[in-house]
Amino acid sequence: MSAACALAEAGLHVRLVERRGYLGGRASSYLHPGVNEVIDNCQHVLFGCCTNLIGFYKRIGVADRIYWTSEMTMIEPGGRRSKLGPSGLGSWGLPAPLHGLPKLLSAHAFSLADKFALARAFTSLMRPVPAYSRETLGAWLRRHGQTQGAIERFWRLVIASALNADIDSIAMPYAAKVIRELFMNSAFAGSMGMSTVPLSELYLGATEFLYQHGSEVLLNSNVEATEWDEETSQWTLAGPNGPLVSDYLVLALPFEATAKLIPKMPPAEGTEELTAKIEQHEHWPICSVHLWFDREITELDHAVLLDREVHWLYNQSRLQTGRGGHYIELVVSATRAFAALPREEAIRQALAELAEFFPSVKQAKLEKAALVKEVRATFGVPPGIDASRPTAVSPWPNCFLAGDWTATGWPSTMESAARSGHLAAEALCLTLREPRTFLEPDLQPQGLMRFFC
Ligand SMILES: Cc1cc2nc3c(=O)[nH]c(=O)nc-3n(C[C@H](O)[C@H](O)[C@H](O)COP(=O)(O)OP(=O)(O)OC[C@H]3O[C@@H](n4cnc5c(N)ncnc54)[C@H](O)[C@@H]3O)c2cc1C
């Protein structure tokens, strides 16, 4: 969507071809038949540092549909709460990276030893970790004397949700990037954004934008094969609705869909290398449990739940405008064990855990529930993965690659997807000899962090 809208704005006639009946891919909403409600496949969170995603939302006119917050409530089993987020001294904000320090120091969730350990780690992370480092986050944490409490309640939690993998499977440069952006570079970089409407509704803005710019969206159109005509320099895509001819092609697919299409693409030098790169990627699951109660179980919009399988709570009835009812979504990241549970057991476990944080759950009646398992939610970022992330330039003529897994420097996120689209659009314009810039600049670190770029 970001490539299509950027190119349409540049004056190209774009056809956005989507296999499903709605836009959004792994970040979308649909009518769940089991509960007869439109739900997101999972709550998707963005941050202030997601400049390309925000740029894309601005382009399609939906940026005002994002609700922003800078405070995170952590809850321990039993209900004790701590807050994380920026704070100031009177009307003065503390300079980054100190803006988060007062709340961290007063958080009940961490012991004094945890706080010292975290402060030590943050001090060390003021200097960026070089991209070539092959260390895992787990090894780095052990080397920096992190306590069990700091690891379980901070590192696993933040990393599990942002990078969706186990700490021993994450390359340190990616972990450092996330921590620096979310907690150190500036208060705005780390503020959390959530859509106030179901995700596919958000993308109606993209559909409208494309039509307004003379472009099209073709839904329910699975691209099954492609042909390149050397004489006309044109691509023909084969799909269920007949052939589509085009001058340029942007393949914005997940890595496994790209791998599936490669044998149906014309032979080209570099195809084997691309296939070998794709084989290095692996998926991690995310599950979400959607619960409707007969009454409100918490006044919080969202919360981080500590020490249990369920990590995040999103109070969708409060977050999404016009939603009504008492709809709570729970998210379980980076655990293959939870993803393997049968539906009834997963919902029962999530409900039991929720009651440990909010005793009101025991009095409430569960009206309906849904479990969404996304087994192929995100790709992992183990050490060395950058060598297997291809650029937008593909082995085929006039064909460009996009998708969150391509070389954006970002982990598997909507920001990476938006960036990859902007990069592919730039590469295409370069081929047209009409260079354009679509990539949004990164946010500049603030306060003391300006001296540690
Ligand atoms: C459960 C879950 C939770 C997540 N949480 C977050 C979060 O909180 N924050 C965040 O930033 N990111 C999150 N992510 C990651 C984020 O959703 C992805 O990084 C992002 O959506 C990837 O976008 P993409 O365009 O690269 O790929 P996709 O979203 O996978 O889009 C690819 C599209 O190509 C289509 N397609 C595939 N094959 C064909 C074909 N042959 N012909 C036509 N169309 C085809 C697909 O249907 C799909 O629409 C989450 C992902 C999941 C699954």
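Visitor: Which residue has a polar backbone atom 3.1 Å from a nitrogen atom of the ligand?

Guide: This is a predicted model, in which local features need pLDDT of at least 70, side-chain atom pairs count only at pLDDT 80 or more, and totals for chains, interfaces and linings use all residues. Residues are numbered from 1 along each chain as its sequence is written, and side-chain values use heavy atoms, with hydrogens and water left out. A polar contact is a pair of N or O atoms within 3.5 Å; within protein, one must be able to donate a hydrogen and the other to accept it, and residues adjacent in sequence count only if both atoms are side-chain atoms. For the nitrogen atom of the ligand, the partner at 3.1 Å is a polar backbone atom of Arg19.

Visitor: How much of the accessible area of the ligand does the protein cover?

Guide: An oxygen atom of the ligand is 2.8 Å from an N or O atom in the side chain of His44, and an oxygen atom of the ligand is 2.9 Å from a polar backbone atom of Val45. On its own the ligand has 1000 Å² of accessible area (Shrake-Rupley method, 1.4 Å probe). The share covered by the protein is 88%.

Visitor: Which elements give two or more residues to the shell around the ligand?

Guide: The ligand is surrounded by 29 residues (a heavy atom within 4 Å). They divide into 13 nonpolar, ten polar and six charged. With helices (H or I, at least four residues) and strands (E, at least two) taken as DSSP runs numbered from the N terminus, the elements giving two or more residues are strand 20 (366–379) and helix 16 (414–431).

Visitor: Which strands stand at the edges of the open sheet of seven strands?

Guide: The order is 7-6-17-18-19-16-20, with mixed pairing (at least two DSSP bridges between two strands). Within it, strand 6 and strand 17 pair in the parallel sense over two bridges, and Met74 has Val304 as its bridge partner in strand 17. One side of each edge strand is left without a neighbour in the sheet because each has a single partner strand; these are strand 7 (81–84) and strand 20.

Visitor: Why is the pair of Trp68 and Phe188 classed as it is?

Guide: The structure holds 13 aromatic pairs (ring centres of Phe, Tyr or Trp, its six-membered ring, within 6.5 Å). Planes under 30 degrees apart count as stacked, over 60 as edge-to-face and the rest as tilted. The rings of Trp68 and Phe188 have centres 5.7 Å apart and planes at 45°, so the pair is tilted.

Note on methods: Ala, Val, Leu, Ile, Met, Phe, Trp, Tyr, Cys and Pro count as nonpolar, Asp, Glu, Lys and Arg as charged, and the others, Gly among them, as polar.
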